[in-house]
Structure formats: C-alpha cells, structure tokens
Amino acid sequence: MPIPRSILSKAGMTDLELAVVAGAWPDDITGQFVVSTSDQRTHPVHAFFGDGIMARLALRPGPGGTFAWRVHLIDTPSVRLRRRRPDLFTAGPVGTGSPWGFVNAANTAPLPWGDRLFATWDAGRPVEVDPVTLAFVAEVGHRDDWRPALDQAVLPLVSSSAHPVIDPERDCMWNVSRDVVSGAVSVVRYDGTGKHVRRWVVENATLPQATHTITQTRDWLVLADTAYKVDPQEIFGGDRTVANNPDGPVLLVRKDDLVPGRTTVTCAEFRIAPEVNHFYARYDDADGVEVVMEHTPGVDIGMYLREDDVDAFGRPIDPALRGMYCHGMTPALTTLLRFDPGTGEVTERARARDPRRWWQAELSAIDWSFPGQLAPTRHHLVFLGFHPEAVNQRALRNYGDRIDRSLFPAEETPAVLASFDREGLKPLAEWTFALDDYPTSPAFVPRSPGAGGDPYAGAAPGGHDGYLVLAVHNDDRFRVEVFDAADVGRGPVAVLAPPHGTTVPFLIHSAWMPRAVPAPEGLDRLRFADDLDERLDRLDPELVALTREVAAELDAGAP
C-alpha cells in the first residue's frame, strides 16, 4: 500500500511536539513553516473540499528541545455557522452548500505578506489568519466587489485563485476572479486595508475551465487556464464524463493599465499545451516574460476516487482512498516558456521530462523573497511518482487515446524531490523517497534571513543557499524533513517526527515566514457584519438570528 491510508483519516489534527530523530538540526535555520490542509472530519466528497486547517511549525526548538507543531481549524463565518447547524450543510462534488450559501474552505495555501498571513482557496475569498493563534481574522474584500459566481443569502461562491501573489513594489495582493458560466476573467487588487477590493474585467478574454494560479513580473500579470473542469452532470448526481482541455489560453495583463477609474483592461493572449496548474515567472522581465510551467497532462484533480472504482490495473480501489483525486496518468512535463507581448510569440527555452522517474509534478518551492524572484537560481519540485491504485478506470475512459498506457511503469514508482537550474531546467540533484512515503509541499528557507534589510531574503538569494522543509506522510508516522537546497541528493540533513504511530491528514501547500507575531490591530478590515444586508431576509427567522449571533461573536473577538 504505497499511498499512506492515514492521509484521509478523519481523526483530525492536534498540537504536537516533534523531536529530532535523524541527522543534526542546522543552527542557521529559523522562522516558521506553515501549511494548509482540508479537514476530513467535515466529510467532504472530494478530499480537497473540507474546512481549512492551518498548521505552523517553529523551526527553532523550544525550552524542552522539541519543536512546536501547532494546528487550528480556521473559524471562518461558514465554520461557525456549521457548528450551530451541522445538519444543514451538505457536501457535494464541488464544495459544501447550505441555506446560507457555500462554505469558504480556505484550505489550499498559506500566503505570507510581511508579518501577515492569509489562507486561500479557489472558491472563496482569501482569509486573513493570525500567524500565532492561526485563528480567523477577516475575509478579503466585500462580497459584491468580487461579483460572486453564485450569490447567496450570506455565503456567496466567489471564484478566486488559490495562489494570489504579493507585489513587492506596489505592496498589494493581486488575485483573479472568473465567471463560472461564461469564463470571463477579472483581475482583483487588495491594498492590505479597507473593506473593499478593486476589480477590472479583462476585455475579450476567457479562461474556459478554471483559474488556480496567478504569477507576475515587474510589468505584467500572467494568468492561465487551469486543468480543472466542472462537470454539471456530476453536480446533479451523474458520473463524471468530462476530461480537462488539452491546451488553454495564457493572458498577460500590463500592471500599469490597472488604474483607478477604469473598470476594464486589455491583455495579450497566447495559447499553450499541455494543460497546467502551477506556474512561476521571473520578476525581472527586461529580457522578456519567462515562466516555469509545471504542466499536468493526465492529472485530473476534479476526478475523485469512489469505493466502487477499479484502478488502472483492474483492481478494486481501497475504500480508504475514497475522496482522493485521480493521480497522474501521463509522465510529468515542466517547461520554461518566454512570452513576447509585442509579437504574440511563445518560445520554449527548456523542458524537463523523464517517464521513468518523474510522474505527477505535484508541488514546488522557490525563493519568494524579492531578490529571489528577481534572479531565481533553483526550481525545486516534488514528483509524487506513478500510483496506479489512485488512477481509476473512469478517468482512463474519459481521456481515451490521450493516455499512452504503454508508458505506464509495470508497478508503482516512488516520489522524487528534484532541483533544477532555473535558467535551463537542467536537473542538478534529486532524492528518491521510500515507496511508502508520500511527500508534500516543500518550502524554501534562506540562510541568514534579513540580509540587506529584506526579512525574507538570505545573503545569496535565488533558491540555492538555504534549506527545503517538507512534511512526509507515512503510515508509521508523519515526519518533517530538511534538505540542503544546494544538494538535495545528499538526503535529509535532519528529520523531525512525533512518536511512532502518529499521523496527520492530507497536507496541501506550504510556505515559510521569518517569524510569527500577532496579526496587526487597528487595521480597517471587512467585518462579517458588513456582508449582511437585505439578502439575509431570504432565510428563515431562526437562521437569521443565528447569523446575527455569529456576526456579533466575531465583532467581539470571541473564539
């Protein structure tokens, strides 16, 4: 059973004290490792759609020599309403609904912004959390500013990006929103304070499937269609029969055109293949807009495993994997593309592909400091491996001849952590995990953070001078491993773990912060009460009263 069965456990997460169980803990690693996850106790149909949990690991030991792993269910308005009437919340294939509207799961990625911390999701507004307690602080932007994809009495369905970006020169958060029916796309800007966000419709442009990531250069925002397609037939109880599009548009929006007083903006449009989920631009665009594209051919995040499924080799799916998304059916591909907004040309500068070892480019790590984004040197990427037990025959039927089954390895293959030269995608080093390990999102931690006045930058920015920290699922016990970013092939230089038998549910994206301090007080933020208006009258009086109780509770700062 190479995929750990514990990762979809409904046992929940608790605070832990981790100890060094292998290697020697580096003296020069500091800060906080933060990671998002989906609460399986809320019984999501799809494992990704549970309520958001944030975990934080201190990278320096406490007085007893152990390392504090702290977790907290993000107590958003939707979580607080569910606590009062759990019987009214129903999980479905694209999220959880209720008479109030849709749950903002806020479970996909932590987003640091200086000393502030946000949690994100594709179907909800970003949520600010306290970096110390990990408790809910506020949602970003009034509901009407986002023009909800589906408006509701209290909890609208807001299409957003799970990966907004912080602009280091404009000191704002860039996000993207999409109309789920037409595919029309908008750019959204949040300046860090206030109850509102600004929004510009991108003229004559659509993202037909979804929008999971946004990346940026000094002058441009880069948007791309995401390999995640909603199937209306599935929403209404039928089988999923769609497949992700094999290609899609990429949109470049000039930042200088996003100015007050305008409501629309133009773009330069390109088309790329194969499909993609995550991508990362070099901030310096003096020589062109260059983006590392982590393509996901044959990875259908929308397809989740059912108890009655049969896997790629014709075996019954283990019920313990119910809700897990369908894993890679095609070898991974990573490219370095250059976009020329003037000519409309796309040039492939480099590619990385190895069907023997690199299946499912899952999650990656870069140096997120401003100097690191200006001149990146390394791109670190986890490949999960080939896992036929997490590929169902329903997906294979949907994709048909787009899947070359002759490339399937004869049996499961292990996960790999690989480091690539950022300018040519040359593989520099890699580490192969045990077959029963399931590594999660790595985060880059610089040596000597604070050099030059940037608390996120080390003395030698770019992604090579520092450490990679990542959590690894295993049914024996979960652990946190630390690698030297200059040579991951050496294996972990140190390993943290709880006692044997201690596991945690599925972890998603991670990030690093230089320190954890309380969320700043006195800032003008959106209150839950600010979202409540005459639409509340659509509810029964009892539910109206419960809603106002939650609003008052949040205003009072009650836990």
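**Exercise 1.** Identify the element that gives the largest share of the lining of the second largest pocket, and state how many residues this share holds.

*Solution.* The element is E8, which contributes 5 residues to that lining. A pocket is here an open set of points on a 1 Å grid over the protein atoms alone, where a 1.4 Å probe fits, with protein on both sides within 12 Å along at least five of seven lines, and lining residues have an atom within 4 Å of a point. Elements are DSSP runs numbered from the N terminus, helices (H or I) with at least four residues and strands (E) with at least two. The model is predicted, with local features needing pLDDT of at least 70 and side-chain atom pairs pLDDT 80 or more, while totals for chains, interfaces and linings use all residues. Residues are numbered from 1 along each chain as its sequence is written, and side-chain values use heavy atoms, without hydrogens or water.

**Exercise 2.** Place E8 in its sheet and describe the pairing of E14, E15 and E19.

*Solution.* Start with the open sheet, whose 4 strands follow the order E8-E9-E10-E11 with antiparallel pairing (two strands pair if DSSP finds at least two bridges between them). E8 and E11 are the edge strands, each pairing on one side only. Next, E8 and E9 (residues 116-120) are joined by 5 bridges, and leucine 111 stands opposite phenylalanine 118 in E9.

Then turn to E14 (residues 184-190), which pairs with E15 (residues 198-206) over 5 bridges in the antiparallel sense; here arginine 189 has arginine 198 as its bridge partner. By contrast, E15 and E19 (residues 264-265) run parallel and are joined by 2 bridges, with valine 202 opposite valine 265.

**Exercise 3.** Locate the cis peptide bond at proline 274, and describe the backbone and exposure of arginine 147 and serine 448.

*Solution.* The cis bond joins alanine 273 to proline 274, with omega of about -5 degrees, and proline 274 is found in the loop between E20 (268-272) and E21. Arginine 147, although not a glycine, has a positive phi of about 50 degrees, and its place is the loop between E11 (136-139) and E12. Serine 448, also not a glycine, has a positive phi of about 50 degrees and is found in the loop between E30 and E31 (466-473).

For exposure, buried means under 20% relative accessible area, exposed over 50% and partly exposed in between, with a 1.4 Å probe and protein chains only. Arginine 147 is exposed at 54%, whereas serine 448 is partly exposed at 45%.

**Exercise 4.** Examine the salt bridges of glutamate 423, aspartate 308 and arginine 394.

*Solution.* With a side-chain nitrogen of Lys or Arg within 4 Å of a carboxyl oxygen of Asp or Glu as the criterion, the count comes to 53 salt bridges. Glutamate 423 pairs with arginine 282, their closest N and O atoms being 3.5 Å apart. Both residues lie in loops, glutamate 423 between E27 and E28 and arginine 282 between E21 and E22, and they are 141 residues apart. Glutamate 423 is partly exposed at 30%, whereas arginine 282 is buried at 11%.

Aspartate 308 meets arginine 306 at 3.0 Å, N to O; aspartate 308 is exposed at 54% and arginine 306 partly exposed at 22%.

Finally, arginine 394 meets aspartate 309 at 2.7 Å, N to O. Because arginine 394 lies in H4 (residues 393-399) and aspartate 309 in the loop between E22 and E23, the pair ties together parts that are 85 residues apart in sequence. Arginine 394 is buried at 7%, and aspartate 309 is buried at 4%. Elsewhere, salt bridges with shared partners join Arg282, Glu290, Arg338, Arg349, Arg422 and Glu423 into one network.
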